[in-house]
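Got the viewer open? Here is a short walk through one model, with something to select at each stop.

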Amino acid sequence: MSKVLSVSLGQYSDAGLKSINQDCQGVFVPNEPLLTSKGIAIAIADGISSSNVSQVASAMSVSSFLDDYYCTSDSWSVKNSVHKVLSATNSWLFSQTHNSPHRYNKEKGYICTFSGVVLKSRTAHIFHCGDARIYHFSDNGLECLTQDHRHNVSAQSSYLTRALGIHNSVDIDYSSRSIQEGDCFLLCTDGIHEFISGQRLSQHLQEIETSDQTDNLDNLAQIFATEALKAGSKDNISLQIIRVEQLPDISANEISQAVNQLPLPPKIEPRMDFDGYRIVRSIYISSRSHVYLAEDSAT
């Protein structure tokens, strides 16, 4: 029986010291055949604090992403599908602000950050716009996969340079990477990552790995939130932890992609060593194929 993609999830979201929670987050784990054709979608959004309607923007961006992504054509790539969905969401948010009393004051409009991950087969697809963050925890340690789209004017003043709803078009950062069983992804808003160091995040995730208590990911998410509050966070606090428990068999498309990413071999000459073989001489050379006589260096 073939294996299917399986994950463990942990989430926490709270207004913190604020009166309203303008963050929104969500995860959708579909059944087959969508699990294979589309994968698992995770998203987090943070509405700007200067607006009293930005919580609508963050909720809209997450819900439309989790709904509309699964309605896109199976012939589209993950990247193309998500960009189409986020572009449509951005246009809707921009039009809402444009048709509101705040059309000349975007800081009061329908604006939010957006960060999302699609886990499909053995690949993680990363999408990002704003200052939330996506971390990847693996055997190589903790790595931040996103760049904050925020310009610091001074120690007390800064503004977002990219977010959903600011302009009538949006630029979304995209990247992808191979994943392994046991890898974790952490999505969090600035109420978390500005008050908890990467070292501390890594330490907690390592403790979960060594104790194998993956059923406590919700508890770990709440631990992060509590630490952020104790460290002085006055913002909304939201985070998601996703641990890859099982990966499906590698697909033909991923094999093709892996082959295409391999470096080209050097020009092969007699007496050179190549991948454990010593080249004796060429047997046949053409524009389409090269055949060499070689000896196994070990035997």
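How many salt bridges does the count come to? Eleven, and keep in mind as you click around that this is a predicted model. Side chains of opposite charge can pair when their charged atoms come close.

**Stop 1: the start of the chain**

Select Lys3 and Glu181 and show their side chains: they meet in a salt bridge, 3.4 Å from N to O. Lys3 sits in the segment before β1 (6-14) and Glu181 in the loop between β10 (173-178) and β11 (184-188), so this pair ties together parts that are 178 residues apart in sequence. Switch on a surface if you like: Glu181 is partly exposed at 40% relative accessible area, and Lys3 is partly exposed too, at 34%.

**Stop 2: a strand and a loop**

Next, pick Asp148 and Arg133. Their closest N and O atoms are 2.7 Å apart, in another salt bridge. Arg133 belongs to strand β6 (residues 133-138), while Asp148 is in the loop between β7 (141-144) and β8 (150-152), so the parts tied together here are 15 residues apart in sequence. Asp148 is partly exposed, with 27% relative accessibility; Arg133 comes in at 21%, also partly exposed.

**Stop 3: helix to helix**

Now select Glu227 and Arg200, whose side chains form a salt bridge at 3.0 Å, N to O. Glu227 is in helix α6 (residues 217-230) and Arg200 in helix α5 (residues 198-211), so the bridge links parts 27 residues apart in sequence. Arg200 is partly exposed, at 30% relative accessible area.

Before leaving the charged side chains, select Arg162, Asp171 and Asp173 together: they are linked in a network of salt bridges.

**Stop 4: two packed helices**

Hide the side chains and color α2 (residues 54-68) and α3 (residues 78-98). Are they roughly parallel or antiparallel? These helices pack at an angle of about 150 degrees, their axes 10 Å apart. Angles over 145 degrees count as roughly antiparallel, so that is the label for α2 and α3. Look at the crossing as well: α2 passes α3 in a right-handed one.

**Stop 5: a nonpolar patch**

Last, show the surface of Val280, Ile283, Tyr284, Val291 and Leu293, which make a nonpolar patch of about 420 Å². The elements giving two or more residues to this patch are β14 (277-285) and β15 (290-296). Which one gives the largest share? That is β14, with three residues. Finish by centering on Val291, found in strand β15 and partly exposed, with a relative accessible area of 37%.

Definitions and conventions
Residues are numbered from 1 along each chain as its sequence is written. This is a predicted model: local features need pLDDT of at least 70, side-chain atom pairs count only at pLDDT 80 or more; totals for chains, interfaces and linings use all residues. Side-chain values use heavy atoms; hydrogens and water are left out. Patches are made of residues with over 30% relative accessible area and no salt bridge: like charges are joined within 9 Å, nonpolar side chains (Val, Leu, Ile, Met, Phe, Trp, Tyr) within 5 Å. Accessible areas come from the Shrake-Rupley method with a 1.4 Å probe; for residues, only the protein chains shown count as cover. A salt bridge is a side-chain nitrogen of Lys or Arg within 4 Å of a carboxyl oxygen of Asp or Glu. Helices (H or I, at least four residues) and strands (E, at least two) are DSSP runs, numbered from the N terminus. Buried means under 20% relative accessible area, exposed over 50%, partly exposed in between (1.4 Å probe, protein chains only). Axes are lines fitted to C-alpha atoms, for helices over the stretch in contact, and angles run from 0 to 180 degrees between N-to-C directions. Angles under 35 degrees count as roughly parallel, over 145 as roughly antiparallel, 65 to 115 as roughly perpendicular and the rest as oblique. A crossing is left-handed if the near helix is turned anticlockwise from the far one by less than a right angle, and right-handed if clockwise.
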